[in-house]
Amino acid sequence: MTAATTLVIFGAGGDLASRLLLPALGQLLTREPSRAVRIVGADREDWTDADLEAVVTKAFASMDAEEAASRVDVTFVRADITDAEDLRTLLQGCTGQVALYFAVPPSVAEAAIEALTPEMLPAGTMLVMEKPFGTDEASARALNRTLTALVPEHQIYRVDHFLGRSTTLNLLGARFANRILEPLWSAESIESVDIVYDEVLALEGRSGYYDAAGALVDMIQSHLLQVLAVLAMEEPATLDEVDFRAATSAVLRATAVWADDPATSSRRARYTAGSVGGAEKPSYVDEPGVDADRRTETLAEATFEVRNARWAGTPFRLRSGKALGTPATEIVVRFRPVRHLPTGLTGSSDGAVLRFSLGPDRISLELNLNAADDPFELERAALSADLGEGALKAYAEVLSGVLDGDPLLSVRGDAAEECWRIVAPILDAWRRDEVPLDEYPAGSSGPAGWPTHA
């Protein structure tokens, strides 16, 4: 059995821990029984060890990981993680390799980090942060300075569970292991790229965070730009954290709003009352905890350009929204059509389309082929393959990296700053009301007049 890692969960009584983090840990420990993990939960809740054990047991059971639960030592510590003395007392009892997971709202996490000092931390301590990371480029840079004053960069994990998605990682295999694709992976052959994450879920009680963030920050800034970076990166020499994160960060440094015009290269909207999957939903402004004066968008779309020799001239459209009746979670790569079609062939001559679905994981390639009834007529056909869900869920993949001390699937500090820099012109234009806030009924495909997703 490997040496035990102490996983300290700040916010152990919260939704993130019980709904995502602990089930993922259960799956990981079931699949890799040689791992040894000790859980220390910290929260202001008036809990006992038994209360946290019950939460762990229930979360593990949701992943059929009851046996793994019996192997985990669980301790609960009642603490205010923003108080330096509480943190000092809590961390004195942590031994071996230690990972501090901030499963708390960003403002609480930042306050806790400010309260930490290097001497409190056991040697080699890893700090695991949820996104969003900061509220703008300047705050992200300041937070990075605070973190790197505590531990080296390679011990900081800025979690983006989208980078743990097997589909995102499948991009690497499809592109770099197939000679049929790699020579075509540039603006010379690719006309456009769409990265779409439209979901049926509405606000679902998240107003405390979401109403201050909106779709652009919650999804495009925090997640979809990272997917863009993986898709557009140069081939790294290795898939270790140094080469991989250097390649994705280089893409982000080259990325900017299309035509430097956020007013024409972005759209925003919010949902009104409607029906989603047979369930009636109120207007976003009538959801509990929402401040209508904030004009928070629930659907955002923005077009970017990666300004380097490989990609200049290819638009990357990123879109995400809530309460949509036609959900789509996919990456769509549209290739340019052929330069010339021989006279005599009729029908479709559109460029090929490569799709990566983000759940269920699937890849498909749409091509023009001869029709069965008339070989001189072209018709579209799709070649597809199911890729499965991957061995581990996204959070389990992220946790695996943390417990292994491998930050490959975490966001490097400079990349977190770049994502804020990229979206800043759009946020500024929206604050100046240069882009209208459209509306769409919950359960629809979006506002009238908007292009449908790819």
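**Exercise 1. Determine whether arginine 355 and glutamate 366 are buried or exposed in this predicted model, and describe how their side chains meet.**

Step 1. Buried means under 20% relative accessible area, and by that cut-off arginine 355 is buried, as is glutamate 366.

Step 2. The two side chains meet in a salt bridge, with a distance of 2.8 Å from N to O.

Step 3. Because arginine 355 belongs to strand β16 (residues 353-358) and glutamate 366 to strand β17 (residues 361-370), the pair ties together parts that are eleven residues apart in sequence.

Step 4. Elsewhere, salt bridges with shared partners join Asp194, Asp198, Arg267, Glu301, Arg317 and Arg319 into one network, and a search of the whole structure finds 36 salt bridges.

**Exercise 2. Describe the salt bridges of arginine 245 and arginine 253, and place each pair in the sequence.**

Step 1. Arginine 245 forms a salt bridge with glutamate 241, and the closest N and O atoms are 3.2 Å apart.

Step 2. These two residues are four residues apart in helix α9 (residues 241-253), so about one helical turn separates them; arginine 245, at 3% relative accessibility, counts as buried.

Step 3. Arginine 253 forms a salt bridge with aspartate 414, where the closest N and O atoms are 3.7 Å apart.

Step 4. Since aspartate 414 lies in helix α11 (residues 413-431) and arginine 253 in helix α9, this pair ties together parts that are 161 residues apart in sequence.

Step 5. Aspartate 414 counts as partly exposed at 27% relative accessibility, and arginine 253 also counts as partly exposed, at 47%.

**Exercise 3. Work out the strand order of the open six-stranded sheet, and find what packs on the sheet.**

Step 1. The order is β3-β2-β1-β4-β5-β6, with parallel pairing, and the edge strands, β3 (73-78) and β6 (156-158), each pair on one side only.

Step 2. Six bridges join β1 (residues 5-10) to β4 (residues 97-102), and valine 8 stands opposite leucine 100 in β4.

Step 3. Helix α10 (residues 394-404) packs on the sheet, touching β1, β2 (37-43), β4, β5 (126-129) and β6, and its direction makes about 140 degrees with that of β4.

**Exercise 4. Identify the residues with the most contacts inside the largest nonpolar core, and follow the contacts of phenylalanine 10.**

Step 1. This core has 103 residues, and those with the most contacts inside it are Phe10, Leu100 and Phe102.

Step 2. Helix α8 (residues 207-232) contributes the largest share of this core, 15 residues.

Step 3. Leaving aside neighbours within four places in sequence, phenylalanine 10 is in contact with residues including Ala42, Ile81, Leu100 and Phe102.

Step 4. A second, separate core of 38 residues includes Leu29, Phe76, Ala99 and Leu392.

How values were computed
Residues are numbered from 1 along each chain as its sequence is written. This is a predicted model: local features need pLDDT of at least 70, side-chain atom pairs count only at pLDDT 80 or more; totals for chains, interfaces and linings use all residues. Side-chain values use heavy atoms; hydrogens and water are left out. Two strands pair if DSSP finds at least two bridges between them. Contact means heavy atoms within 4.5 Å. Axes are lines fitted to C-alpha atoms, for helices over the stretch in contact, and angles run from 0 to 180 degrees between N-to-C directions. A nonpolar core is a set of buried Ala, Val, Leu, Ile, Met, Phe, Trp, Tyr and Cys residues joined through side-chain atoms within 4.5 Å. Buried means under 20% relative accessible area, exposed over 50%, partly exposed in between (1.4 Å probe, protein chains only). A salt bridge is a side-chain nitrogen of Lys or Arg within 4 Å of a carboxyl oxygen of Asp or Glu.
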